[in-house]
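Here are a few worked exercises to go with the model below. Grab a viewer and try each task before you read its solution.

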Amino acid sequence: MSGPYLCPNCTTNRTRFNMIEQIPKAIKMDPESGEVVQEYTNDNLDAFHIPYKGSHYRVQCGACGLIENEETFKARASSSKNPFLS
Ligand SMILES: [Zn+2]
């Protein structure tokens, strides 16, 4: 979490957010039953299993409820200067 956020949907909220921390858990599933047959750590992932590379946080706007990746909120903030601050 670094740098300002701005909600890309309502474009007014810069202060109220719900941070949703994403903690990926790699599993192997039985294709028939859907039962988890193995859990992996990053060290013992098998060769065919791609480790999670998505964003660490999802962010929900505390004003309009939009949920997006953290990067989307940061990008919107950096492409728009706050007229009340500058
Ligand atoms: Zn919003």
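## Exercise 1: a cysteine and its metal

C61 has a relative accessibility of 2%, so it counts as buried. Keep in mind that you are looking at a predicted model.

**Task.** Work out which residues coordinate the zinc ion and what arrangement the donor atoms make.

**Solution.**
1. Start with the donors: the SG atoms of C7, C10, C61 and C64 coordinate the zinc ion, at 2.3 to 2.4 Å.
2. Next, check the angles. The 4 donor atoms subtend 105 to 120° around the zinc ion. Four donors count as tetrahedral if all angles lie between 85 and 135 degrees, so the arrangement here is tetrahedral.
3. Now look along the sequence, where the donor residues follow the spacing C-x2-C-x50-C-x2-C.
4. C10 sits in the segment before β1 (17–21) and C61 in strand β4 (residues 57–61), so this pair ties together parts that are 51 residues apart in sequence.
5. Finally, compare the labels for that pair. C61 is buried at 2%, while C10, at 21% relative accessibility, counts as partly exposed. The cut-off for buried is under 20%.

## Exercise 2: the sheet and its helix

**Task.** Find the strand order of the open sheet of 3 strands, then see where α1 packs.

**Solution.**
1. Read off the order: β1-β4-β5, with antiparallel pairing.
2. Pick out the edges. β1 and β5 (67–69) are the edge strands, each pairing on one side only.
3. Look at the twist: on average, neighbouring strands of this sheet are turned by 30° against each other, direction ignored.
4. Zoom in on β1 and β4, which pair over 5 bridges in the antiparallel sense. M19 has V59 in β4 as its bridge partner.
5. Add the helix. α1 packs on the sheet and touches β1, β4 and β5, and its direction makes about 85° with that of β5.

## Exercise 3: the nonpolar core

**Task.** List the residues of the largest nonpolar core, then follow the contacts of Y5.

**Solution.**
1. The largest nonpolar core has 5 residues in all: Y5, C7, V59, C61 and F73.
2. C7 and C61 are also zinc donors, through their SG atoms.
3. Leave aside the neighbours of Y5 within four places in sequence, and its contacts include M19, V59, F73 and A77. N13, R14 and E70 are among them too.

## Exercise 4: a hairpin

**Task.** Describe how β2 and β3 are joined, and find the residue with a positive phi in the turn.

**Solution.**
1. Strand β2 (residues 26–29) and strand β3 (residues 36–40) pair over 4 bridges in the antiparallel sense.
2. I27 stands opposite E39 in β3.
3. The two strands, β2 and β3, form a hairpin with 6 residues between them. In the turn, G34 has a positive phi of about 75°.

## Exercise 5: two residues to classify

**Task.** Is S80 buried or exposed? And which residues does I20 contact, leaving aside its neighbours within four places in sequence?

**Solution.**
1. S80 lies in the segment after α1 (70–78). Its relative accessibility is 18%, so S80 counts as buried.
2. Beyond its neighbours within four places in sequence, S80 is in contact with L6 and R14.
3. I20 lies in strand β1, and at 32% relative accessibility I20 counts as partly exposed.
4. With the neighbours of I20 within four places left aside, its contacts are H56, Y57, R58, V59, Q60 and I67.

Conventions: Residues are numbered from 1 along each chain as its sequence is written. This is a predicted model: local features need pLDDT of at least 70, side-chain atom pairs count only at pLDDT 80 or more; totals for chains, interfaces and linings use all residues. Side-chain values use heavy atoms; hydrogens and water are left out. Buried means under 20% relative accessible area, exposed over 50%, partly exposed in between (1.4 Å probe, protein chains only). Contact means heavy atoms within 4.5 Å. Donors are N, O and S atoms within 2.8 Å of the metal (3.2 Å for Na, K and Ca); water is not among the atoms, so sites may look incomplete. Four donors count as tetrahedral if all angles lie between 85 and 135 degrees; four count as square planar and six as octahedral if opposite donors are over 155 degrees apart and all others between 65 and 115; anything else is irregular. A nonpolar core is a set of buried Ala, Val, Leu, Ile, Met, Phe, Trp, Tyr and Cys residues joined through side-chain atoms within 4.5 Å. Two strands pair if DSSP finds at least two bridges between them. Axes are lines fitted to C-alpha atoms, for helices over the stretch in contact, and angles run from 0 to 180 degrees between N-to-C directions.
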